[in-house]
Amino acid sequence: MDLTVPGSAAWVCLVRRWVADALTVAGHRDVDGARLVASELVGNAVLHTGSGRPGGLVRVKVFEVSAATARVEVIDEGAATVPLPRRSDDDECGGRGLWLVQRTAISWGTRTVPRRWNLVWAEVSTLDVLDTPDLGSSPRRRPG
């Protein structure tokens with residue numbers, strides 16, 4: 001499944017909803033990680049790449065990797081730098097997007113695609129932690 005939107009922050013919430021709906025319809029139960037990853041990657045594309053210029057576009061793809069894993073890909077119009085997580089000071093309001101992606105995703109990466117555009121991808125678990133065997137007091141468990 002894929003969706004192309006204008007390179008504007010106003011479209012990030014639509015992408016979040018679209019990712020959640022697409023995965024929920026496909027039978028995935030916990031889509032919060034995929035929503036967060038899509039939101040951060042599209043936001044970064046709008047802020048840091050050619051996609052954020054007037055007329056720019058961002059393409060989002062969602063793939064089912066397994067019944068418990070999904071892959072989100074964001075293709076933007078490229079930038080002079082490679083996307084990398086960075087350390088942000090406590091008093092900074094931004095700069096944590098790829099750090100969040102790195103912490104949320106099972107794996108993630110980036111590559112250049114034709115026309116020198118960037119593709120940033122992340123694979124996330126969509127397994128509802130309530131469906132897993134009792135693992136004790138895991139910090140990711142939801143209260144029942």
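At what angle do H2 and H3 pack, and how far apart are their axes? In this predicted model, the two helices meet at an angle of about 155 degrees, and their axes lie 9 Å apart. Since angles over 145 degrees count as roughly antiparallel, H2 and H3 are therefore roughly antiparallel to each other. The crossing in which H2 passes H3 is left-handed. On the H2 side, the contact is made by Gly-33, Leu-36, Val-37, Glu-40, Leu-41 and Asn-44; H3 contributes Gly-97, Leu-98, Leu-100, Val-101 and Thr-104. Sorted by class, this contact of H2 with H3 comprises six nonpolar, four polar and one charged residues.

A look at H3 itself adds to the picture. This helix spans residues 97-104, and its buried residues are Gly-97, Leu-98 and Val-101. These residues lie on the same side of H3, because they cover an arc of only 90 degrees around the axis. As a general guide, an α-helix has 3.6 residues a turn, so residues three or four places apart point the same way. The partners of the buried residues of H3 are helix H2 (32-48), strand E4 (107-113) and strand E5 (117-125).

Returning to H2, one residue of this helix deserves a short visit: Arg-35. With a relative accessible area of 29%, Arg-35 is partly exposed. Leaving aside residues up to four places away in sequence, Arg-35 touches Arg-16, Val-19 and Ala-20. Between Arg-35 and Cys-13 there is a separation of 22 residues in sequence, and their C-alpha atoms are 9.4 Å apart in space.

Technical notes: Residues are numbered from 1 along each chain as its sequence is written. This is a predicted model: local features need pLDDT of at least 70, side-chain atom pairs count only at pLDDT 80 or more; totals for chains, interfaces and linings use all residues. Side-chain values use heavy atoms; hydrogens and water are left out. Buried means under 20% relative accessible area, exposed over 50%, partly exposed in between (1.4 Å probe, protein chains only). Helices (H or I, at least four residues) and strands (E, at least two) are DSSP runs, numbered from the N terminus. The arc is that of the directions from the helix axis to the C-beta atoms. Contact means heavy atoms within 4.5 Å. Axes are lines fitted to C-alpha atoms, for helices over the stretch in contact, and angles run from 0 to 180 degrees between N-to-C directions. Angles under 35 degrees count as roughly parallel, over 145 as roughly antiparallel, 65 to 115 as roughly perpendicular and the rest as oblique. A crossing is left-handed if the near helix is turned anticlockwise from the far one by less than a right angle, and right-handed if clockwise. Ala, Val, Leu, Ile, Met, Phe, Trp, Tyr, Cys and Pro count as nonpolar, Asp, Glu, Lys and Arg as charged, and the others, Gly among them, as polar.
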